[in-house]
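Let's take a walk through a protein model together. Keep the picture open and follow along as we go from one spot to the next.

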Amino acid sequence: MHKEEVFDIVKRCIREVLPELQDHTFEYGDRLVDLGADSVDRAEIVNKTMETLSLHIPRVELSGVKNIGELTDALYAKL
């Protein structure tokens with residue numbers, strides 16, 4: 001799987017949790033907080049993405065992630 005495919009999965013999970021972003025053009029530097037995701041939304045997005053990728057990563061390993069590009073990188077590194 002390529003990193004861009006992981007980014008597409010992240011974007012799809014964000015749109016599932018935050019349907020108001022259906023038409024948003026995501027950038028690697030987008031921060032979930034800036035997109036309107038509260039802490040529950042962010043946890044759901046990460047959980048959905050990890051479930052889709054069949055990953056089980058302790059949440060603490062993702063605590064330093066600052067934007068969806070870094071989330072993509074962190075998840076991709078665990079594949």
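Let's begin with D30, which counts as buried because its relative accessible area is 15%, and the cut-off for buried is under 20%. Keep in mind as you look that this is a predicted model. Where along the chain does D30 sit? You'll find D30 in the loop between α1 and α2. Now look at what surrounds D30. If you skip the residues up to four places away in sequence, D30 touches H24, T25, L35, N67 and I68. Hold on to I68, since that name comes back later. For a sense of scale, try jumping from D30 to L55: the two are 25 residues apart along the chain, and their C-alpha atoms are separated by 22 Å.

One of the residues that D30 touches is T25, so let's hop over there, still following the contact list of D30. T25 is also found in the loop between α1 and α2. Is T25 buried or exposed? With a relative accessibility of 59%, T25 counts as exposed, because the exposed class begins over 50%. Try finding K11 from here. T25 and K11 are 14 residues apart in sequence, and from C-alpha to C-alpha the gap in space is 9.3 Å.

Stay with that loop for one more stop, this time looking for rings. How many aromatic pairs does a search of the whole structure find? The search turns up 1 aromatic pair. The partners are F7 and Y28, with 4.4 Å from centre to centre and 35° between the planes, which is a tilted arrangement. This pair links distant parts of the chain: F7 belongs to helix α1, Y28 to the loop between α1 and α2, and 21 residues lie from one to the other. The two rings have different surroundings, too. F7 has 4% relative accessibility, so F7 counts as buried. Y28 comes out at 32%, so Y28 counts as partly exposed.

F7 has brought us to helix α1, so let's see how the helices pack. Two packed helices are described by the angle between their axes and the distance between the axes. Start with helix α1 (residues 3-17) and helix α3 (residues 68-77): their axes come within 9 Å and cross at roughly 125°. That angle makes α1 oblique to α3, because it falls outside the ranges for roughly parallel, roughly antiparallel and roughly perpendicular. The crossing of α1 and α3 is right-handed. On the α1 side, the contact is made by K3, V6, F7, V10 and I14. On the α3 side, you can pick out I68, L71, T72, D73, L75 and Y76. So F7 turns up again here, and so does I68. Sorted by class, this contact of α1 with α3 has 8 nonpolar, 1 polar and 2 charged residues.

Now turn to the other partner of α1. At what angle do the axes of α1 and α2 cross? They cross at roughly 135° and come within 9 Å. That makes α1 oblique to α2, and the crossing of α1 and α2 is right-handed. From α1, the residues in the contact are I9, V10, R12, C13, I14, E16 and V17. From α2, they are D41, E44, I45, K48, T49 and T52. By class, the contact of α1 with α2 divides into 6 nonpolar, 2 polar and 5 charged residues.

Let's zoom in on one of those residues, K48, which lies in helix α2. K48 has a relative accessible area of 28%, so K48 is partly exposed. Leaving aside its neighbours within four places in sequence, K48 is in contact with C13, E16 and V17. Further along the chain is P58, 10 residues from K48, and the C-alpha atoms of the two are separated by 14 Å.

Our last stretch is the loop between α2 and α3, where you'll find S54 and H56. S54 has a phi near 55°, a positive value in a residue other than glycine. S54 counts as exposed because its relative accessibility is 60%. H56 is at 78% relative accessibility, so H56 counts as exposed as well. From H56, look across to L75: the two are 19 residues apart in sequence and 9.9 Å apart in space, C-alpha to C-alpha.

Notes. Residues numbered from 1 in each chain as written. Predicted model: local features only at pLDDT ≥ 70, side-chain atom pairs only at ≥ 80, totals over all residues. Heavy atoms only, no water. Axes fitted to C-alpha atoms, helices over the stretch in contact; angles between N-to-C directions. Helix = DSSP H or I, 4+ residues; strand = E, 2+ residues; numbered from the N terminus. Parallel < 35°, antiparallel > 145°, perpendicular 65-115°, else oblique. Left-handed = near helix turned anticlockwise from the far one by under 90°. Contact = heavy atoms within 4.5 Å. Nonpolar A, V, L, I, M, F, W, Y, C, P; charged D, E, K, R; others polar. Phe/Tyr/Trp six-rings, centres within 6.5 Å; stacked < 30°, edge-to-face > 60°. Buried < 20%, exposed > 50% of the residue type's maximum accessible area, 1.4 Å probe, protein only.
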